[in-house]
Amino acid sequence: MSEAVLDHVGEHGAGVMEERPFAIPSSKLVMWLFIISDACTFGAMLFAYGYIRNSAADWPLVFESASIWNSLVMTFILVTSSLTVLFALRAAQADDRAGAFRWTMITAAGGILFALLHLREWMNLIGEGLRLFQNPWGAPMFGAAFFSITGLHMAHVVGGVVALVVVGIGYRAGRYGTKHIEIWALYWHFVDMVWMFVVPLVYLLNMKR
Amino acid sequence: MSSSSNGMSTTYAVYGAILAIAVVQVVVAMAMGPSLGRMLILAAIQAYLAVMFFMHLRDEKSTLRLALIPGTIFVLVMMNMIWADSFRLIHMRPFAK
């Protein structure tokens, strides 16, 4: 008998309830629902960016090759942190609490490094005169599009780092279980996936030619 | 949990493939110019690999995949209706001085 059925029998004493349709815990389903709604949010932001980029006659192409290589390094860090969070999950499934904690913290460190590199990129652009609604190169909405998309992504990274640290520490202390590591690993992979669209659409399409 | 059914060799191969595609994207953009179509196709392949192998959606029940993927794609496809208005703006240029 499945875990779901046993839960219901335990709660209500009798009767056999229907199995869970997706065969995953409710908390994991909630994270999946959050992820698809967040994917639509990022999708809407990228479409809005495409809309104003397409309708602006003087859209600036600002990114030098140094920025492009920097974005590639950031991709490497984020994808590698997706790998390390898988190591954390694997360790948690093997009931290796120290290992799961270590890999979770390494993943969080990757997130912090990514955010720092992104902040450096922001500061360089701000130093060159980029603001939310003005810049020295062309269409004033470039700054709004760039800061809103990369800012929302960076907020997700920072939120993920906080969640991973909390869950990692809680897991080591025995307050959280494997499913919590798994749920936040899902979230972390999603943050990684969004970046895979941000790099080509925001950085590569706005590369100096 | 289904993730254990994936060997680590698959995980490493997916990790390498995602990074390789990222490098190809940059090299192609620098050598041939960043075509939107090419960039989107490469990004979609990366996203597919991440969702199916890193997020293990491939190992979940097909009902979960059916519940999540078609609806999301439908919403994203419907967002494409903005382009007509966007092209109207570039031709009319209502804010041009």
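This passage describes a predicted model of a complex of chain A and chain B, from the overall fold to individual residues.

A few words on confidence come first. The predictor assigns the complex an ipTM of 0.89 and a pTM of 0.90. Chain B has an average pLDDT of 89, with 89% of the residues scoring at least 70. Within chain B, α2(B) carries the highest confidence, at a mean of 97, and α4(B) the lowest, at 81. Residues 1-5 of chain B have a pLDDT below 50, and this stretch makes 10 contacts in the model beyond near neighbours in sequence. Where pLDDT is low, the predicted coordinates should not be read in detail.

Chain A is built from six helices and zero strands, so that its order of elements from the N terminus reads α-α-α-α-α-α. Its C-alpha atoms fill a box of roughly 70 × 35 × 20 Å along the principal axes. The radius of gyration of chain A is 21 Å, whereas a compact globule of 209 residues would have one near 17 Å. Of these 209 residues, 35% count as buried. Among the contacts in chain A with a separation of 6 or more, 75% join residues 24 or more positions apart.

Helix α6 of chain A deserves a closer look. Spanning residues 178-203, α6(A) has 26 residues and reaches 37 Å from its first C-alpha to its last, close to the 38 Å expected at 1.5 Å a residue. This helix is mostly covered, with 23 of its 26 residues buried. It also supplies the largest share of the largest nonpolar core, which has 68 residues: 19 residues of this core come from α6(A). At least two residues each are supplied by α2, α3, α4, α5 (141-173) and α6 of chain A and by α1 and α2 of chain B, and the core therefore draws on both chains. The members that touch the most other members are A:Ala88, A:Ala100, A:Ile181, A:Trp184, A:Ala185, A:Val198 and A:Leu204. In soluble globular proteins, nonpolar side chains tend to be buried together. For A:Val198, the contacts outside four places in sequence are A:Ile149, A:Thr150 and A:His153.

A polar residue with buried surroundings is A:Thr107, placed in helix α4 of chain A. A:Thr107 counts as buried because 26 other C-beta atoms lie within 10 Å, and the cut-off for this class is 20 or more. Leaving out residues up to four places away in sequence, A:Thr107 touches A:Ser81, A:Thr84, A:Val85, A:Ala88, A:Leu164 and A:Trp188. One of these partners, A:Val85, is 22 residues away in sequence, yet the two C-alpha atoms are 5.8 Å apart in space. Another, A:Ala88, is among the core members listed above.

The contact between the chains takes 41 residues from chain B and 38 residues from chain A. On the side of chain B that touches chain A, two or more residues are given by each of α1 (8-32), α2 (36-54), α3 (62-78) and α4 (83-92) of chain B. By type, the residues on this side comprise 29 nonpolar, nine polar and three charged.

A:Phe22 offers a local view of how the chains meet. This residue lies in the loop between α1 (3-12) and α2 (26-55) of chain A. Setting aside residues up to four places away in sequence, A:Phe22 touches A:Leu29 in its own chain and B:Lys61, B:Thr63, B:Leu64 and B:Ala67 across the contact. A:Phe22 counts as partly exposed because it has 19 C-beta neighbours inside 10 Å, while a buried residue needs 20 or more. A:Phe22 and A:Leu205 are 183 residues apart in sequence, and their C-alpha atoms are 39 Å apart in space.

Two loop residues of chain A stand out by their backbone angles. Most residues other than glycine have a negative phi. A:Ala23, although not a glycine, has a positive phi of about 55°, and A:Asp95, likewise not a glycine, has one of about 60°. A:Ala23 is found in the loop between α1 and α2 of chain A, and A:Asp95 in the loop between α3 (65-93) and α4 (97-127). Their surroundings are as follows: A:Ala23 is partly exposed, with 14 other C-beta atoms within 10 Å, whereas A:Asp95 is exposed, with 9.

Methods: Residues numbered from 1 in each chain as written. Chains lettered and ligands numbered in written order. Predicted model: local features only at pLDDT ≥ 70, side-chain atom pairs only at ≥ 80, totals over all residues. Contact = placed C-beta atoms within 7 Å. Helix = DSSP H or I, 4+ residues; strand = E, 2+ residues; numbered from the N terminus. Rg over C-alpha atoms; globule rule 2.2 N^0.38 Å. Buried ≥ 20, exposed ≤ 12 C-beta atoms within 10 Å, placed from the backbone. pLDDT = per-residue confidence, 0-100. Expected span 1.5 Å × (residues − 1). Core = buried A, V, L, I, M, F, W, Y, C linked by C-beta atoms within 7 Å.
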